[in-house]
Amino acid sequence: MAAYFSTILVLVTLISGLIWLIDVLFFAPKRKEKLALAQSGSQQLSEEAIDKIIREPVVVETAHSIFPVIAFVMILRSFIYEPFQIPSGSMMPTLLVGDFILVEKFSYGLRDPVWRTKLIETGEPERGDVFVFKYPENPKIDYIKRVVGLPGDKVTYTNKQLTIQPKCSSDNVCPDPVSIAHVEVNRGEFTHEGVPLIRYKETTDGLEHDILVNPSRPDFRQHFYQQSGTQMGEFIVPEGQYFAMGDNRDNSTDSRFWGFVPEENLVGKAVAIWISFEFDRDASGLLPTWVPSGVRFERTGGIK
């Protein structure tokens, strides 16, 4: 249902608006004429009789009531901000399961909500952005990752070390490789299957964010996406596409495994956490596990 929500929202908006418009143009004037004819007689009409003559049909009244609201929601959700819930831990520690985020829909161009054709160019992803996109292998699913490689970049991931060689200019002048600095923050704040994870502060192009690394797991290079003409663990980002990775480096299915994110799959830039719930109820408890057990107010705010 979530995959078709935008289409349903557009259809409801169009149908309700069309019903209201047809009534305004054709049937409402006829009701007014009928009222004027009835009032031209000698007999005084009661308020009940007047209301009966000019009253809108139930379908029109419903359309009249919901159209302004549903149109506002459609415009807000399709072109300005859309809420998303974080369902997995692939972006820890930046985003946790239970975070509810706002995605800025106009960051990477305004698109129609049904066919997703770009209508207006407003910007492009930048290295370090946390962005939402349609999963290339199943566009019905929304993914959230971090932009690591831009079109033309050469991304290398070897022994869990990330190196980025930015795109060379048209006259073959190649910038120096982007320095990816790691500073250990702590160990054990987060765990995976009982293994303490190492939290690093990663700096790329002067931008800082935290990542998690599992020291007990290999980098699964044998499962990496193999791009023609490159070595294993090396990726050259095609024009019009992006290389995405999760901040939870050893627990993220991302571009390392399935390839690149086409520009037409972009949904928007994740800009803020508006509320965050904890879900740690025991399955044997009285309340279902999907009922929040607490609110993490300290997590609300901007995403970096």
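Me: Helices (H or I, at least four residues) and strands (E, at least two) are DSSP runs, numbered from the N terminus. At what angle do helix 1 and helix 3 pack?

Reply: This is a predicted model, where local features need pLDDT of at least 70, side-chain atom pairs count only at pLDDT 80 or more, and totals for chains, interfaces and linings use all residues. Residues are numbered from 1 along each chain as its sequence is written, and side-chain values use heavy atoms, leaving out hydrogens and water. Find helix 1 at residues 5–39 and helix 3 at residues 58–80, with axes 8 Å apart. Between the N-to-C directions of these axes (lines fitted to C-alpha atoms over the stretch in contact, with angles from 0 to 180 degrees), the packing angle is about 140 degrees.

Me: Which word describes how helix 1 and helix 3 lie to each other?

Reply: Their angle is about 140 degrees. Under 35 counts as roughly parallel, over 145 as roughly antiparallel, 65 to 115 as roughly perpendicular and the rest as oblique. Helix 1 and helix 3 are therefore oblique.

Me: Which residues of helix 3 does helix 1 meet?

Reply: Contact means heavy atoms within 4.5 Å. On the helix 1 side, the residues include Phe 5, Leu 9, Trp 20 and Asp 23. Across from them, helix 3 brings in residues including Val 59, His 64, Phe 67, Met 74 and Arg 77.

Me: In the sheet with order 9-10-11, which strands are at the edges?

Reply: This open sheet has three strands with antiparallel pairing, and a pair needs at least two DSSP bridges. Strand 10 (residues 195–204) is joined to strand 11 by seven bridges, and Ile 198 has Val 213 as its bridge partner there. The twist averages 25 degrees from one strand to the next. Pairing on one side only marks the edges: strand 9 (181–192) and strand 11 (207–213).

Me: In the sheet with order 8-7-12, which residue of strand 8 stands opposite Thr 156?

Reply: Here three strands form another open, antiparallel sheet. Strand 8 (161–165) and strand 12 (234–236) each have a single partner strand, so one side of each lacks a neighbour in the sheet. Five bridges join strand 7 (residues 154–158) to strand 8. Opposite Thr 156 you will find Thr 163.

Me: How far apart in sequence are the parts that Glu 82 and Lys 105 tie together?

Reply: The model has 23 salt bridges, each a side-chain nitrogen of Lys or Arg within 4 Å of a carboxyl oxygen of Asp or Glu. Glu 82 and Lys 105 form one of them, with their closest N and O atoms 2.8 Å apart. Because Glu 82 lies in strand 1 (residues 81–85) and Lys 105 in the loop between strand 2 (99–104) and strand 3 (110–111), the pair links parts separated in sequence by 23 residues.
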